[in-house]
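Visitor: I would like a close look at one part of this model, a strand and its partners, followed by the surroundings of the bound ligands.

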Amino acid sequence: MKNSEIDWSTLGFGYVPTDYNVRCYYRDGKWGEIEISSSETIEMHIAATALHYGQEIFEGLKAFRGKDGKVRVFRPEENARRIRESARGIKMAEIPEELFIKMVKLVIKLNERFIPPYGSGASLYIRPLEIGMTAQVGVKPAKEYCFIILVSPVGPYFKAGFKPTNICIMRDYDRVAPKGTGRWKVGGNYAASLSAGEHAHELGYSAVLYLDPKEKKYLDECGPANFYAIKGNTYITPASDSILPSITNMSLMDLARDFGMTVEQRHIPVEEIPTFDEAAACGTAAVCSPVGEIHDLDSGEKFVIAKDGKPGPVTTRFYNTLSAIRLGEIEDTHGWNMILDL
Ligand code: PLP
Ligand code: COI
């Protein structure tokens with residue numbers, strides 16, 4: 001695809017073909033050489049564990065073209081750490097941080113022309129994934145793995161952009177089990193969320209707000225993002241074993257402290273929803289997407305959070321601050337950006 005064919009300012013969150021992806025294979029107990037590929041397909045055994053037993057984990061991070069022309073990647077070492085935890089979680093080969101970072105830098109450099117320009121509001125989404133390659137019919141972990149990183153220029157995850165959207169609670173679905181795989185970024189978690197997600201979309205909601213799968217008493221997270229609420233000067237976000245430890249949420253908690261707010265990571269009972277001044281879904285793809293209303297589809301209750309239909313002041317400040325840090329417009333006091341020398 002030619003760059004001139006991409007309208008950066010209207011990009012949604014989807015797959016755009018780029019020039020290259022990078023790959024590395026784990027065989028005989030060690031990772032091999034990094035390979036550069038211009039193919040969008042892979043060859044794999046029809047009995048590979050990724051295909052039969054869901055041995056697939058992935059990550060999501062973004063690179064930005066800054067005001068000064070430099071390219072910044074947001075906290076890649078945290079994604080490297082989390083994919084290792086995911087690997088440990090479902091018995092896959094762990095990717096060393098050094099290899100992860102080297103491949104992230106390489107895939108960005110190779111696809112530099114797809115990094116959206118400063119001011120477009122878009123970014124380069126980086127999607128690392130690891131899959132089990134060994135042919136196996138018995139339920140056992142693979143011995144061989146493939147680690148791939150592909151990239152795609154993206155715009156906002158929710159079509160509305162930075163505008164409040166409505167989300168819903170549905171007790172008929174869980175995406176993960178109480179002691180299951182929710183704290184890891186395992187493909188199967190997303191497969192388990194598709195049915196609820198589609199149902200919610202058909203009803204006009206942007207996402208499902210899942211409850212804790214054990215008691216269905218507490219807020220957990222949204223299908224593709226964590227959840228937070230603002231109450232006065234307090235930032236509240238769920239503490240739960242069944243949600244993904246979000247790097248965006250972790251960063252927002254730091255920003256909230258920088259803003260002099262109190263941060264509470266704790267159980268949030270459903271009954272607390274009417275006390276929220278603001279709420280949002282947060283994540284790499286979602287950034288911080290303000291919540292307009294939360295509808296409980298079982299009780300029929302409708303909670304209006306964004307009373308004037310606009311993003312709240314705290315979420316707006318978070319969004320603008322995060323964006324300014326990533327674009328090099330303000331000082332990166334926490335040292336979150338990895339600046340690339342392309
Ligand atoms: N929760 C889920 C289920 C996700 O898929 C994501 C996206 O990565 C997040 C939370 C947010 O995590 P992060 O901020 O690290 O992207
Ligand atoms: C991300 O925010 O990077 C995600 O992985 C969420 C979703 C696109 C699956």
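Visitor: In which sense, parallel or antiparallel, do β10 and strand β11 (residues 219-222) pair, and over how many bridges?

Guide: This is a predicted model, in which local features need pLDDT of at least 70 and side-chain atom pairs count only at pLDDT 80 or more, while totals for chains, interfaces and linings use all residues. Residues are numbered from 1 along each chain as its sequence is written, chains are lettered from A and ligands numbered from 1 in the order written, and side-chain values use heavy atoms, with hydrogens and water left out.

To take your question directly, β10 and β11 pair in the antiparallel sense over 2 bridges (pairing requires at least two DSSP bridges between the strands, and strands are DSSP runs of E, at least two residues, numbered from the N terminus). Within this pairing, L211 has L219 of β11 as its bridge partner. A further partner of β10 is strand β9 (residues 165-169), to which β10 is joined by 2 bridges, the two strands running parallel; here C168 is the bridge partner of V208 in β10.

As for its surroundings, β10 spans residues 207-211 and is mostly covered, with 5 of its 5 residues buried (under 20% relative accessible area, with a 1.4 Å probe and protein chains only). In a regular strand the side chains alternate between the two faces of the sheet. In β10 both faces are covered, since A207, L209 and L211 are buried on one side, and V208 and Y210 are buried on the other.

The neighbouring β9 has 4 of its 5 residues buried, and is therefore largely enclosed by the rest of the structure. Besides its bridges to β10, β9 pairs with strand β16 (residues 287-296) in the parallel sense over 4 bridges. C168, the partner of V208 in β10, also stands opposite H295 in β16.

Turning to the ligands, 16 residues surround ligand 1 (one of their heavy atoms lies within 4 Å of it), and the closest are Y190, E221, S246, T248 and T284. Three polar contacts (pairs of N or O atoms within 3.5 Å) can be described for ligand 1: a polar side-chain atom of T284 lies 2.5 Å from one of its oxygen atoms, an N or O atom in the side chain of E221 is 2.6 Å from one of its nitrogen atoms, and a polar side-chain atom of R82 lies 2.7 Å from an oxygen atom of ligand 1. Taken alone, ligand 1 exposes 380 Å², of which the protein buries 96% (by the Shrake-Rupley method with a 1.4 Å probe).

Y190 and T284 also appear among the residues surrounding ligand 2, which include F13, F58, Y125, R127, Y157, K185 and A285. An oxygen atom of ligand 2 lies 2.6 Å from a polar side-chain atom of Y125, while a polar backbone atom of A285 is 2.8 Å from an oxygen atom of ligand 2, and an N or O atom in the side chain of R127 is 3.5 Å from an oxygen atom of the ligand. Ligand 2 exposes 280 Å² when taken alone, and the protein buries 90% of that.

Notes. Polar contact = N/O pair within 3.5 Å; in protein donor to acceptor, adjacent residues only side chain to side chain. Buried < 20%, exposed > 50% of the residue type's maximum accessible area, 1.4 Å probe, protein only.
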